Amino acid sequence: IQGTILVRVLISKEGRVQQAEVLRGKDIFHKAALTAVKQYHFSPAKQNDRPVPVWMALPIRFRLVN
């Protein structure tokens, strides 16, 4: 089974994932995709040179490799 999951994440001012939810994709991948994105660390978004929280959508691709 292969597929792409679209996950919506809230990135904190510190660059950590605060919230994550699946927007679309096969149910079998939901738990693994959420577990993966919660481990991500980002450079914080900035507005007027100050870090701000931001929502973004991330595609998580699951594929079989030989």
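**Figure 1. Val 7 and its neighbours in the pairing of S1 with S2.** In this predicted model, Val 7 has Val 22 of S2 as its bridge partner. Two residues further along, we meet Val 9, whose bridge partner in S2 is Ala 20. Ile 11 stands opposite Val 17 of S2. Taken together, S1 and S2 are joined by six bridges and pair in the antiparallel sense.

**Figure 2. The hairpin of S1 and S2.** Five residues sit between the two strands of this hairpin. One residue to look for is Gly 15, which takes a positive phi near 90°. Another is Ser 12, placed in the loop between strand S1 (3–11) and strand S2 (17–24). Is Ser 12 buried or exposed? Ser 12 counts as buried, because its relative accessibility is 3% and the cut-off for buried is under 20%. Leaving aside residues up to four places away in sequence, Ser 12 touches Gln 18, Pro 44, Val 52 and Pro 53.

**Figure 3. Strand S1 alongside strand S5.** Here the view moves to the pairing of S1 with S5, where nine bridges join the strands and the two run antiparallel. If you would like a landmark, find Gly 3, which stands opposite Phe 62 in S5. How many of the nine residues of S1 are buried? Seven of them are, so S1 is largely enclosed by the rest of the structure. A general point may help when following the side chains: in a regular strand they alternate between the two faces of the sheet.

**Figure 4. The three-stranded sheet.** Stepping back a little, we see three strands forming an open sheet in the order S2-S1-S5, with antiparallel pairing. Which strands are at the edges? They are S2 and strand S5 (54–62), each of which pairs on one side only. From one strand to the next, the twist averages 30°.

**Figure 5. Gln 39 in the loop after the helix.** Gln 39 belongs to the loop between helix H1 (30–37) and strand S3 (45–47). With a relative accessibility of 63%, Gln 39 counts as exposed, because the cut-off for exposed is over 50%. How are Gln 39 and Arg 16 placed in space? The two residues are 23 residues apart along the chain, and their C-alpha atoms are separated by 8.3 Å.

**Figure 6. Asn 48 and Asp 49 in the loop between S3 and S4.** This loop joins S3 to strand S4 (50–52), and Asn 48 lies in it. Asp 49 is found in the loop too. What is phi in Asn 48? It is near 55°, a positive value in a residue other than glycine. Phi of Asp 49 is likewise positive, near 65°, and Asp 49 is also a residue other than glycine. These values catch the eye because most residues other than glycine have a negative phi. As for accessibility, Asn 48 is exposed, with a relative accessible area of 71%. Asp 49 counts as exposed at 73% relative accessibility.

**Figure 7. The whole chain, for orientation.** To place the close-ups, it helps to look at the chain as a whole. Its secondary structure comes to one helix and five strands, and from the N terminus on the elements run β-β-α-β-β-β. The C-alpha atoms fill a box of roughly 45 × 25 × 15 Å along the principal axes. Of the 66 residues, 24% count as buried. Among contacts between residues at least 6 apart in sequence, 60% join residues at least 24 apart. The accessible surface of the chain comes to about 5000 Å², and carbon and sulfur atoms account for 48% of it. Turning to charge, the chain has 11 positive and 4 negative charges, and the mean positions of the two groups are 6 Å apart.

Technical notes:
Residues numbered from 1 in each chain as written. Predicted model: local features only at pLDDT ≥ 70, side-chain atom pairs only at ≥ 80, totals over all residues. Heavy atoms only, no water. Helix = DSSP H or I, 4+ residues; strand = E, 2+ residues; numbered from the N terminus. Buried < 20%, exposed > 50% of the residue type's maximum accessible area, 1.4 Å probe, protein only. Contact = heavy atoms within 4.5 Å. Areas by Shrake-Rupley, 256 points an atom, 1.4 Å probe, with all protein chains shown as cover. Lys, Arg positive; Asp, Glu negative; His and termini not counted. Charge placed at Lys NZ, Arg CZ, Asp CG, Glu CD. Pairing = 2+ DSSP bridges. Axes fitted to C-alpha atoms, helices over the stretch in contact; angles between N-to-C directions.
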